[in-house]
Amino acid sequence: MDAHERNTKADPLEELAARLRLLQELSGLGVRALARDAGLSSSSLSRYLNGRTAPPWPAVVALCRVVQRDPRPLRPLWERTSNPLPAPPRSSRHMRPVPRNDLPRDVPDFTGREERLAELLAAVNSHRVVSVDGMAGVGKTCLVVHAAHRLAADFPDAQLYVDLHGFTEGRPPLDPDSALRMLLGALDVPSEKVPQEGIEQLAACWRSELARRRVVVVLDNAADAGQVRPLLPGAGPSVALITSRNRLLGLDEVPPVSLDVLTPRESAELLARASGDPGGPDGRLAREPEAAAEVLRLCGRLPLALRLAAARLRHRPGWTVGILVERLAQGASEFDTAFAMSVRQLDRPRARVFRMLGLLPGATFDAYVAAALADVPLHSAQDMLEDLVDAHLVQQPTPGRYRLHDLVHQHARRASAEQDPAGDRERALGRVLDYYVHAAAAADAAMPFLSAGRAVAAGRPPAALPRFADKNAAFDWFVGEYGNLIAAFETAAAVGADAHVSELPRFLRAYFARRCGTTHLNVLFERSLAAAERLGDPLRLAEAHSDLGFARYNAGRTAEAAASYEAAARGLSRAGDARAEAELALRRGYLSWDTGHVEEPLGLFRLAGRLYEQAGCPTGAAHAAASEAWATLQLGHRTEAARLAREVLRLPHADPGWPPAVTARITLGVAIAHEEPDEAAGHLRRALTIAREDGHLDNQAWCLNCLGVALRRMGRYEEALASHRAAFALLDELFEEHWKIHYLYGYGETCRLAGLPEEALRLHRQALDLAPRLGNRYAEALAHEGIAVVLDGTDPAEAAEHRAAGRAVLQGVDSGA
């Protein structure tokens with residue numbers, strides 16, 4: 001294997017690009033012709049072929065179709081390179097009482113641009129979409145943000161902003177897939193409703209949501225028309241404002257507004273306002289008109305450069321304008337002139353922090369990660385960031401959140417590469433990765449999921465971490481930091497920080513469980529496992545197999561889950577860690593039940609309980625006891641299930657939404673429905689309330705379906721049907737169709753007893769179709785039995801066949817078939 005081949009194997013994105021270049025060679029077409037035939041923009045295709053950007057899957061399919069090749073062999077490679085990310089899940093409704101407003105702060109010294117602003121607003125009225133183009137630093141973002149604030153009152157449902165990073169040094173442009181997921185999440189669209197794959201499906205979902213709302217969307221820093229086209233609204237009142245350094249020629253239907261530098265009058269006015277000059281004959285600018293004109297010339301009449309220069313005058317009352325000219329004259333260009341002059345005014349610690357900020361992997365940051373990056377106390381980082389904001393080197397779009405303008409980010413990265421030793425930069429980036437893993441662990445600990453988390457092994461804990469008053473605060477932190485956490489994960493993978501890659505996904509499980517589908521968690525755990533394999537630590541590797549197995553199980557990939565659990569069991573037999581063994585036993589109990597082993601799950605849940613107690617993990621032991629109670633109920637032992645559930649409910653805990661108590665309430669409610677209907681309904685409704693307060697749609701569907709079963713046992717068929725229908729209405733919002741398998745039998749039985757045999761038969765047949773594909777032998781056997789009961793009075797022969805088939809399914813499980 002030559003060096004080139006080794007490099008492409010080590011870099012999946014480059015390997016995919018090489019495969020796409022082979023497709024181009026097969027086509028015999030140039031980039032423009034191939035892009036036209038595939039329905040892509042030539043600039044986007046060029047990035048795909050050069051390995052600068054991972055293409056969306058539909059683009060890969062389109063390219064394969066041009067040369068009549070099957071795209072499916074490329075799918076595993078594409079998944080490793082693209083890892084399309086879901087948007088940060090929405091907060092619970094009670095946590096976000098007002099419409100979303102993500103717009104950056106409108107600058108208080110907005111100056112000039114009257115004609116262009118009027119042109120922009122007129123284009124919005126006529127076309128609902130407008131693009132603003134112009135050179136870097138000319139004020140495109142400032143103009144559209146100002147316009148968006150002007151429009152906000154007419155678009156009250158949301159004001160959204162997304163930086164597409166079309167020209168951000170050190171990171172690829174944001175692909176439309178990820179941008180759409182961010183935007184849908186910002187609209188509080190349940191992530192379970194968001195299509196997992198396909199840019200066309202995502203764009204259609206986005207347009208559908210915009211069609212019924214009045215939303216203004218700022219799409220900042222677009223690379224080209226191909227990046228932005230899927231993000232545009234369709235029918236309806238919503239509007240989009242786009243900025244790009246390039247004229248977006250591919251958007252013929254979008255009117256353009258081109259920005260040039262400020263006029264001399266506008267430049268002078270902005271310099272005066274931003275510097276706090278009082279004007280009149282006593283002002284510094286008026287006293288030195290020639291020097292003031294030279295400042296305008298050196299700044300190229302560019303708003304960004306002018307604001308940076310003005311900040312120096314504002315904070316240096318003793319300076320003359322001539323001194324400012326002398327400092328500016330040391331720069332090499334309009335941007336470097338302003339940046340270098342501004343940075344030179346910083347003391348050494350602040351200049352170092354500024355340079356280091358260019359190393360951060362995410363789009364925004366807070367004082368905690370800045371403190372970790374610079375290795376300074378939190379209060380020092382806060383003070384330094386405020387000084388950098390005052391110097392116009394750092395922006396503060398919202399309280400406590402900071403960002404760098406692309407040009408400033410580029411300057412900081414370049415300055416750090418030139419001035420800071422490589423070892424210092426590597427250690428700073430390592431501290432950032434340490435921070436994100438430890439902060440995620442702290443947030444995860446405030447959101448109990450299955451069992452108490454293990455202590456962080458990767459890196460050193462930072463000096464300061466956010467504190468979370470409760471699980472809602474922790475969840476809000478995950479929502480705000482999601483993009484940065486994924487950026488940190490990707491950065492860790494890129495620099496070979498395998499300990500961080502293997503560990504970070506473990507602390508995202510509770511977050512994904514409450515809001516996200518399982519596709520992306522599976523991708524993260526696949527890469528976590530690969531990192532654990534490279535590390536070679538037996539316990540870490542066994543836990544990675546166990547985590548991947550649980551992600552596979554939740555995605556309905558039963559056979560793969562079983563294989564992962566087997567690999568985990570082999571590793572844990574050597575590692576001898578009681579807590580990890582307990583977690584695996586609990587997970588295997590769930591899988592064992594679904595695969596039709598009726599008695600085995602009870603033994604696994606009891607084993608998990610003993611191991612959790614041995615490991616000193618009472619929450620884990622409570623989870624195991626609640627799971628044992630639920631399994632006992634499924635076996636028909638209602639009295640024993642109720643006793644076990646009551647024992648769990650008597651355990652002391654501070655959280656009213658404690659997960660073991662939710663499971664115990666559901667179990668108890670179903671178990672005593674016939675004998676104690678009022679108490680049963682109370683437990684089930686309390687569990688449902690907790691699930692709703694937690695915003696957990698899966699748990700809401702589970703509670704509603706079990707409430708339907710309990711109401712049926714009380715003889716309240718109409719209420720039972722309404723509860724089942726509400727459960728399935730929620731399930732229809734979930735992309736993961738496989739979860740319906742757990743609810744179809746109960747719903748079908750309610751329909752049968754309510755006098756709806758045809759509906760019951762339809763539901764049982766739906767389960768019979770779904771169960772074998774999921775490997776759920778227990779549900780398959782139940783479906784056969786359900787069909788047999790419905791057919792007993794009308795077709796005894798077919799009923800007998802289904803009963804025999806159901807017995808054969810379970811016998812096959814017992815025999816190992």
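Tutor: Contact here means heavy atoms within 4.5 Å of each other. This is a predicted model, in which local features need pLDDT of at least 70 and side-chain atom pairs count only at pLDDT 80 or more, whereas totals for chains, interfaces and linings use all residues. Residues are numbered from 1 along each chain as its sequence is written, and side-chain values use heavy atoms, with hydrogens and water left out.

Student: Which side chain of opposite charge is nearest to Asp220?

Tutor: Asp220 belongs to strand β4 (residues 215-222); helices (H or I, at least four residues) and strands (E, at least two) are DSSP runs, numbered from the N terminus. Leaving aside neighbours within four places in sequence, its contacts include Thr141, Tyr161, Asp163 and His165. Lys and Arg count as positive and Asp and Glu as negative, with His and the chain ends not counted, and a salt bridge is a side-chain nitrogen of Lys or Arg within 4 Å of a carboxyl oxygen of Asp or Glu. Asp220 is buried (under 20% relative accessible area; exposed is over 50%, partly exposed in between, with a 1.4 Å probe and protein chains only), yet has no salt bridge, and at 5.2 Å the nearest side chain of opposite charge is that of Arg403.

Student: Is Lys471 buried or exposed?

Tutor: Lys471 lies in helix α23. Neighbours within four places aside, Lys471 is in contact with Ala446, Met447, Asp655, Gly657 and Asp694. Because its relative accessible area is 16%, Lys471 is buried.

Student: Which helix gives the largest share of the largest nonpolar core?

Tutor: A nonpolar core is a set of buried Ala, Val, Leu, Ile, Met, Phe, Trp, Tyr and Cys residues joined through side-chain atoms within 4.5 Å. Of the 78 residues in the largest one, Leu357, Phe365, Leu393, Trp477 and Phe478 touch the most other members. The largest share of this core is 11 residues, and they come from helix α23 (residues 471-495).

Student: How far apart are the end C-alpha atoms of helix α20?

Tutor: The buried residues of α20 include Leu378, Met384 and Leu388, and what covers its buried residues includes α18 (348-357) and β7 (395-398). The expected span of a helix is 1.5 Å times one less than its number of residues. For the 13 residues of α20 (residues 378-390) that gives 18 Å, so the model agrees, with the end C-alpha atoms separated by 19 Å.

Student: What is the C-alpha to C-alpha distance between Arg692 and Cys703?

Tutor: Arg692 is in helix α34 (residues 677-694) and, at 48% relative accessibility, counts as partly exposed. Arg692 and Cys703 are 11 residues apart in sequence, and their C-alpha atoms are separated in space by 9.9 Å.
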